[in-house]
Amino acid sequence: MTYLKLPTWLKASLTVLMSSLLLTACDQGVLSPQGAVGMQNKELILIVTGLMLIVVIPVIIMAVWFTYRYRENRPDAHKDFNPEWSHNTMIEVVMWTVPIIIIAILAVITWRTTHELDPYKPLNLANDKPPLEIDVVAQNWKWLFIYPEQNIATVNEIYIPVDREVSFKITSDTVMNSFFIPRLGSQIYAMASMVTQLHLVANEPGVYNGLSSNYSGPGFSDMKFLVHAVDDKSFDNWVTKVKSGDYKVLDVPTYQELSKPSENHPIEYFKSAKPDMFNYIVHQYDAKQAGQNQFVEAGSVNQRDDKAAVSKPLESDLKQDSEAITNPAAPANANDAQEADAHQ
């Protein structure tokens, strides 16, 4: 017996069962949070889903019931046929009142959670631990993390202390991307020459998966990283290990090499980072940044940034403009140019 030949009630039951089994795969995602922000996100998802089901479940039930109750081949089909029927006050009241109430509730929830879950808003945890600052750079196709206070950097892996707020400053070296640690909380976009912020906390020790949730090219599917939530002592030991290890220094030439596109990039450590490296990355595409090349050191000057060089038009440009105006052989318009080409 095929699935399509099963009774309607049995097919509906199997569909619900399969959907429930699929949802069990979410135990490692947003429905199994391990941080305060993630918990608020989960509560919001459940509340909004519940409000949605107030409408969805009755609609599904009525769709099945009406299809069966008013089928064409039922014995009493002629008794319920009323071609003049067009209005029912009770149906109209229910049809409009219920959605209005739900929308009003959603509006209040949206207003409150928009402010409560503002990613730029510090968490203000009860403990007196200062936030851990981590600068994040989305590259093709990997994540660079810079710890400004610890003066180290990593690729595709971070360590954070449990129960300590983490303040992320996020940018992109390339196209727009999205920074997301599902079990800890909200995602936020990473954009070149811009800085977004995100505040998270891990309340339970463990290893959590981070990823890019915005398509950014062929290496997007493997643009993942690991988040290790550990106690304070383990975090300090890890920082000491990185600083004392035989690793490179993250300076401009090293960053230039690292920024080249790569897929399945391995975890990498840098024992120190050039001061103000994150700001350098953010402003590398700005018009005020010295040099045509994004990696030209600050203090270098080229013609574009030299006011004396660009304060007046170049003589070669003036000469070309003059010839274009006074040359009697120049076509007067695009059609003339096409005709001239045709004659040639």
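In this predicted model, six aromatic residues, Tyr147, Tyr159, Phe235, Trp238, Tyr247 and Tyr269, are linked by ring pairs into a cluster. Aromatic pairing does not stop there: the structure as a whole holds 14 such pairs. One of them joins Trp65 to Tyr68, whose ring centres sit 6.3 Å from each other, with 40 degrees between the planes, a tilted arrangement.

That pair belongs to helix α2, which spans residues 36-69; Trp65 and Tyr68 are 3 residues apart there, or about one turn of the helix. Trp65 comes out as partly exposed, because its relative accessible area is 45%, which falls between the 20% and 50% limits. Tyr68, for its part, also has a charged neighbour: Arg71 lies over the face of the Tyr68 ring, 4.4 Å from the centre. A comparable motif turns up at Tyr280, where Lys274 lies over the ring face at 5.1 Å from the centre.

Turning to the strands, 7 of them make up an open sheet with mixed pairing, running in the order β8-β5-β1-β2-β3-β12-β11. At the edges are β8 (196-200) and β11 (248-250), each of which pairs on one side only. On average, and with direction ignored, neighbouring strands in this sheet are turned by 30 degrees against each other. Strands of a sheet pair through backbone hydrogen bonds, in either a parallel or an antiparallel fashion. Within the sheet, β1 (residues 132-139) and β5 (residues 166-172) run parallel and are joined by 7 bridges. To pick out one position, Ile134 has Phe168 of β5 as its bridge partner.

Terms used: Residues are numbered from 1 along each chain as its sequence is written. This is a predicted model: local features need pLDDT of at least 70, side-chain atom pairs count only at pLDDT 80 or more; totals for chains, interfaces and linings use all residues. Side-chain values use heavy atoms; hydrogens and water are left out. Rings of Phe, Tyr and Trp (its six-membered ring) pair if their centres lie within 6.5 Å; planes under 30 degrees apart count as stacked, over 60 as edge-to-face and the rest as tilted. Helices (H or I, at least four residues) and strands (E, at least two) are DSSP runs, numbered from the N terminus. Buried means under 20% relative accessible area, exposed over 50%, partly exposed in between (1.4 Å probe, protein chains only). A charge sits over a ring if NZ of Lys or CZ of Arg is within 6 Å of the ring centre and within 35 degrees of the ring normal. Two strands pair if DSSP finds at least two bridges between them. Axes are lines fitted to C-alpha atoms, for helices over the stretch in contact, and angles run from 0 to 180 degrees between N-to-C directions.
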